[in-house]
Amino acid sequence: MAPSVLYHCPCLSTSSVPPPPHLPSSSYSFHPLNTLFFCEECDAVRCNQCVSVEVSSYYCPNCLFEVPSASVRAEKNRCARNCFMCPNCRNTLAAVPADPPESSDGRISGSVNEGPYILYCNHCRWDSVEIGITFEKPTGLAAQLQKFEDSAPDSLEFDRLKEHFDAFLRQSALAASTTAAASAALARDIPGVGKYNPLARSTNNRGYGKDKSVNRDEMTEYRSRSEISQAAGGGELDVELMNGLEEVDEVASLDQRWESSWVSSMQTKDLKPIRIPLHSKRSKRCPACTHILIKPEQKSQSVRYKIKLVASNYLPGIVVVLPHVRQAKEELLKRNLGKSVSAQAEEPSVGMVAGRSYEFQLNLTNPLYDPIEVRLSVQRVHVSTAPAKEGVSPEKAKRPPFAISLPTTKFPISPFAEAWEYEDDEDMFGVEDDELGIGPTSATVKTTKDKDGRARPKTVGVLERKANKTVVGGEIVIGKEAQGSVKFNMLVSYTYRSDDPAPSESGDMDGHNARAPEIKTFSFYTVVDLGPIIPREEVKLDL
Amino acid sequence: MAGTALSTEPPILYSKSEFIETDTGNKVSRRATIAGPQNIILGGKTIISSGAIIRGDLRRTGPGHAVVISLGRYCLVGEGCIMRPPYKTYRGNFNYYPMKIGDHVHIGSNTVVEAATIGSHVEIGKNCVIGKFTFIKDCAKIADNTVIPPNTVIPALSHFAGSPGRFVEDLPESTQDNVEAHTKGYYARFQPG
């Protein structure tokens with residue numbers, strides 16, 4: 001499992017502190033950065049679960065035809081043209097001319113054959129001859145099948161239901177001749193008269209209304225067209241079918257049968273091709289301020305957006321790397337140089353062993369056009385039940401005990417700019433803690449040269465800076481009896497100077513650009529997952 | 001250019017003698033089999049790995065110069081890939097159709113591609129089979145080991161997997177930027193070593 005960093009979305013909850021990561025339910029609130037949005041009005045992160053979604057347009061995933069919303073309802077959310085799905089393998093069907101009887105070549109014969117057309121699946125080789133559907137022309141297949149569909153039992157039943165409820169609704173609409181506004185006005189003026197809510201009336205067939213209500217009766221009872229007990233399939237018929245089975249494949253799988261809303265025959269040879277359901281393009285809004293976050297373009301296959309407020313344009317991206325894993329991979333690469341992919345040696349599973357300490361590196365990328373100063377801090381996990389020390393008993397140690405050390409001071413990250421602007425920045429280093437810096441070399445991991453008696457490379461602190469990325473190192477010490485995976489919440493807060501004059505300072509009309517730089521701070525939580533811990537017992541077994 | 005990469009983004013090394021670099025930045029492996037190179041267009045900064053087979057010789061009958069396969073910029077054709085233009089027999093005539101691939105397309109290793117059109121920012125996994133006359137629109141992602149039957153249409157921003165390839169999910173809106181950064185970063189890290 002590669003180490004990863006996921007971002008927390010508070011999802012409109014009042015506390016912005018995320019749940020501790022050892023709880024399994026916490027994975028609900030953490031998302032990868034590329035799925036998150038950012039609302040500029042509320043200055044908050046939004047995720048796919050809390051945004052409100054509206055459909056912007058519909059299209060067929062096969063013919064890519066954009067269906068206007070009016071026809072969508074008429075066609076029951078399916079493609080009205082020639083798009084069908086194979087009932088066997090769910091692949092799209094092609095309309096091909098049927099085999100001429102005397103030819104023994106493949107499907108597409110040489111002669112121009114205007115004969116009947118059939119549907120053919122080019123993956124599982126199912127064709128519609130098996131159920132006896134052929135067409136006269138290769139276009140307008142949906143229209144040709146229309147009469148079959150209309151006479152299907154479920155659509156007849158649906159029409160009957162619609163007629164029944166239509167009559168009922170028309171009746172209730174007549175009774176609801178007063179509008180909601182008028183009744184609200186009445187309720188204000190005359191105390192004691194309840195508000196007349198037309199919505200509540202039509203769904204409830206008991207007379208719930210106060211005054212102004214004509215006591216509408218219950219609905220007339222509905223008699224369905226066919227009794228359920230006599231519906232196709234089920235009961236004795238099924239038993240006979242099973243008795244006469246020769247191959248398991250003759251019975252349609254559940255997957256193939258539950259698409260339709262009506263009980264259908266259980267045999268695979270009775271499965272009908274399905275019209276392809278439409279896909280939609282969605283636009284998303286912030287739940288709090290209803291600002292539009294995502295608004296796609298009208299063209300169904302265009303990938304551009306009119307409005308695109310994604311979080312990766314506002315929040316710094318964080319990638320976590322474990323250097324010892326990477327070094328193992330590099331050695332592997334060097335050994336594999338020149339070999340093909342299939343001949344490469346297998347990667348050894350390198351992980352973190354309990355009882356040791358490892359360093360990890362965080363690579364932060366600044367997406368803004370202004371430099372930012374970032375401060376990281378690890379959230380302390382309060383585990384009230386288990387004692388928070390090493391060597392805790394295994395069944396309580398759902399939270400593996402480990403200690404994280406991160407640089408605590410702020411560090412800057414350069415702004416995002418074009419590549420050619422970065423010539424000066426390449427060899428910049430930050431000097432942190434008490435360690436003395438090294439002379440300018442290429443951007444590699446520095447090693448301190450025993451200036452203060454320590455031969456260890458500097459691991460905690462800012463390691464390198466290049467362009468708009470900064471690498472920060474941290475260390476983790478894993479307890480001896482630790483198990484599970486290493487996950488910790490990290491609070492990232494950054495400040496940036498925004499050059500835009502705030503609206504309240506609009507009186508500041510100088511000749512030059514009104515640079516009233518206000519320092520804005522934003523903070524968000526992330527969960528850093530460094531991967532599973534290899535318990536020490538396993539390592540001992542290898543020896 | 002070596003040595004200026006960040007330590008968290010290691011270079012992807014290749015042996016210098018193996019790749020030919022053109023003046024537009026394309027890096028073509030000498031061990032790739034390129035048939036009919038005069039009919040193949042590479043957009044620039046495209047990497048063709050060793051063992052890839054690109055059939056530019058299967059061209060449509062007809063006079064004049066025909067482009068059989070065209071690739072965009074920052075593309076990557078993985079090792080052992082086979083790229084063959086699709087063919088059809090229509091009304092008695094057998095013909096090959098040109099294959100157009102957009103920019104920022106990464107094709108995984110050992111994949112067989114016979115699609116007619118691949119859009120931009122598409123990511124195709126390894127060991128896939130893309131059937132003939134498939135249309136893959138922009139920013140699609142095809143998982144590893146997928147078999148896409150012929151004449152499939154893969155809409156934009158979709159994730160397909162399985163055999164036959166089925167729609168799995170819609171990709172997030174920032175996919176185009178991510179794929180672009182990934183392909184550009186890959187090319188920048190692809191260095192002789």
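What pLDDT does chain B average, and what share of the residues score at least 70? Colour chain B by confidence and you will be looking at an average of 88, with 96% of the residues at 70 or above. This is a predicted model, and for the complex the predictor reports an ipTM of 0.86 along with a pTM of 0.77. As you travel, keep in mind that where pLDDT is low, the predicted coordinates should not be read in detail.

**Stop 1: chain A as a whole**

Select chain A and switch on the cartoon. You have nine helices and 23 strands in front of you. Of its 543 residues, 37% count as buried. Now turn on the surface: the accessible area of chain A is about 31600 Å², and carbon and sulfur atoms hold 53% of that. If you like contact maps, take the contacts in chain A with a separation of 6 or more; 67% of them join residues 24 or more positions apart.

**Stop 2: the cores**

Hide the surface and select Leu315(A), Phe360(A), Phe488(A) and Leu530(A). These are the residues with the most contacts inside the largest nonpolar core, a set of 62 residues. Strand E22(A) supplies the largest share of this core, with six residues. A second core, separate from that one, has 30 residues; to find it, pick Val28(B), Ile69(B), Cys75(B) and Ile124(B), which are among its members.

**Stop 3: Pro517(A)**

Back in chain A, centre on Pro517(A). You are in the loop that runs between strand E22 (485–498) and strand E23 (518–534). Is Pro517(A) buried or partly exposed? Its relative accessible area is 36%, so Pro517(A) is partly exposed. Draw a C-alpha to C-alpha distance to Ser498(A): the two are 19 residues apart in sequence, yet 5.7 Å apart in space. Leaving out residues up to four places away in sequence, Pro517(A) touches Arg497(A) and Ser498(A).

**Stop 4: His104(B)**

For the last stop, move to chain B and select His104(B), in the loop between strands E13 (99–101) and E14 (106–107). Why does His104(B) count as buried? Because its relative accessible area is 6%, under the 20% cut-off. Show the side chains next. That of His104(B) makes a polar contact with the side chain of Thr183(B), at 2.8 Å. Then expand the selection to the residues His104(B) touches, again not counting those up to four places away in sequence: Arg73(B), Tyr74(B), Cys75(B), His121(B), Val122(B), Val179(B), Glu180(B), Thr183(B) and Lys184(B). One of these, Cys75(B), is also included in the core of 30 residues from Stop 2.

Technical notes:
Residues numbered from 1 in each chain as written. Chains lettered and ligands numbered in written order. Predicted model: local features only at pLDDT ≥ 70, side-chain atom pairs only at ≥ 80, totals over all residues. Heavy atoms only, no water. Helix = DSSP H or I, 4+ residues; strand = E, 2+ residues; numbered from the N terminus. Buried < 20%, exposed > 50% of the residue type's maximum accessible area, 1.4 Å probe, protein only. Polar contact = N/O pair within 3.5 Å; in protein donor to acceptor, adjacent residues only side chain to side chain. Contact = heavy atoms within 4.5 Å. Areas by Shrake-Rupley, 256 points an atom, 1.4 Å probe, with all protein chains shown as cover. pLDDT = per-residue confidence, 0-100. Core = buried A, V, L, I, M, F, W, Y, C linked by side-chain atoms within 4.5 Å.
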